[in-house]
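Welcome! Below are some exercises with worked solutions, to be read with the structure open beside you. Try each task before reading on.

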Amino acid sequence: MKKKQVLFVCLGNICRSPSAEAVFTALVEKAGLTDKIECDSAGTAGYHAGEPADARMQRHAIRRGYHLTSRSRKFMASRDFDRFDYIIGMDDQNVWDLKCQARHEHDLKKIYKMTDFATEGDYDSVPDPYYGGEAGFEMVLDILEDACAGLLEQMRRTL
Ligand code: 4NP
């Protein structure tokens, strides 16, 4: 069976989506599902392409045991819509930007928002922490830990 492929998408691919990738990877490993599920991340903008994750985001993530090892890359519609089963934006703008690039109905059906999978908390997006303070990075991780668990739970039902 082909592995299910998940792509997490934010704006710059240096804060939220690389964190989602690390949090989800840890959950998949813990659940023993690495032979069934794979994930990656990308940004709708390419201005940080090739860079490692933001140093502040890395610092907060490592305190919870997540190593952000991926390098930023731009979302590429012609390749990524075919390759991935779930394409998950962090906020409404990310989702809008993804939908604008969808080539047909089949692509559109793959697009979700991260908080669609959240089970607790009173939020409807993963807020951009880039221009804010330290608390914003903690909030990103809090939301991602909840929403990634919800995503894995939903995916398990279809594996
Ligand atoms: P991300 O955060 O989308 O979570 O990676 C941002 C990173 C960079 C910028 C904005 C948001 N920027 O404007 O450079």
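**Warm-up: the strands**

F8 stands opposite S41 in β2. Before going on, note that this is a predicted model, where local features need pLDDT of at least 70, side-chain atom pairs count only at pLDDT 80 or more, and totals for chains, interfaces and linings use all residues. Residues are numbered from 1 along each chain as its sequence is written, and side-chain values use heavy atoms, with hydrogens and water left out.

**Exercise 1.** Find out which strands pair with β1 and β3, and in which sense.

*Solution.*
- Step 1: Get the terms ready. Helices (H or I, at least four residues) and strands (E, at least two) are DSSP runs, numbered from the N terminus. Two strands pair if DSSP finds at least two bridges between them.
- Step 2: Begin with strand β1 (residues 4-10), which pairs with β2 in the parallel sense over seven bridges.
- Step 3: Turn to β3. Its pairing with β1 is parallel too, over four bridges, and here F8 stands opposite I88.
- Step 4: Go on to strand β4 (residues 111-113), which pairs with β3 in the parallel sense over three bridges. In β4, K113 is the bridge partner of G89.

**Exercise 2.** Decide how well covered strand β2 is, and which way the residues of β3 point.

*Solution.*
- Step 1: Fix the classes: buried means under 20% relative accessible area, exposed over 50%, and partly exposed in between (1.4 Å probe, protein chains only).
- Step 2: Look at β2 (residues 37-43). Six of its seven residues are buried, so the strand is mostly covered.
- Step 3: Recall that in a regular strand the side chains alternate between the two faces of the sheet.
- Step 4: Check β3. Y86 and I88 point one way, I87 and G89 point the other way, and all are buried.

**Exercise 3.** List the residues around the ligand and describe their contacts with it.

*Solution.*
- Step 1: Collect the residues with a heavy atom within 4 Å of the ligand. They are C10, L11, G12, N13, I14, C15, R16, Y47, H48, D128, Y130 and Y131.
- Step 2: Sort this shell, which gives seven nonpolar, three polar and two charged residues. Here Ala, Val, Leu, Ile, Met, Phe, Trp, Tyr, Cys and Pro count as nonpolar, Asp, Glu, Lys and Arg as charged, and the others, Gly among them, as polar.
- Step 3: Look for pairs of N or O atoms within 3.5 Å. A backbone N or O atom of G12 is 2.9 Å from a ligand oxygen. For the side chain of R16, an N or O atom lies 2.8 Å from an oxygen atom of the ligand. For the side chain of D128, the corresponding distance is 3.5 Å.
- Step 4: Consider the cover. On its own the ligand has 360 Å² of accessible area, and the protein covers 94% of it. Such areas come from the Shrake-Rupley method with a 1.4 Å probe.

**Exercise 4.** Trace what else R16 touches, and say whether R16 is buried or exposed.

*Solution.*
- Step 1: Place the residue: R16 is found in helix α1.
- Step 2: Read its accessibility. R16 is buried, because its relative accessible area is 3%.
- Step 3: Follow the side chain, which reaches the backbone oxygen of V126 at 3.0 Å.
- Step 4: Look for a salt bridge, that is, a side-chain nitrogen of Lys or Arg within 4 Å of a carboxyl oxygen of Asp or Glu. R16 forms one with D91, with the closest N and O atoms 3.0 Å apart. This pair links distant parts of the chain, 75 residues apart: R16 lies in α1 (residues 16-30), and D91 in the loop between β3 (86-89) and α4 (92-101). Both R16 and D91 are buried.

**Exercise 5.** How many salt bridges are there in the whole structure, and what does the one between E134 and R59 tie together?

*Solution.*
- Step 1: Search everywhere, which gives 17 salt bridges.
- Step 2: Inspect E134 and R59, whose side chains meet at 3.8 Å, N to O. E134 is in helix α6 (residues 134-156) and R59 in helix α2 (residues 55-63), so the pair ties together parts that are 75 residues apart in sequence.
- Step 3: Check their accessibility. E134 is partly exposed, at 40%, and R59 is partly exposed, at 41%.
- Step 4: Finish with a network of salt bridges, which links D40, R73, R79, D80 and R83.

Technical notes
Polar contact = N/O pair within 3.5 Å; in protein donor to acceptor, adjacent residues only side chain to side chain.
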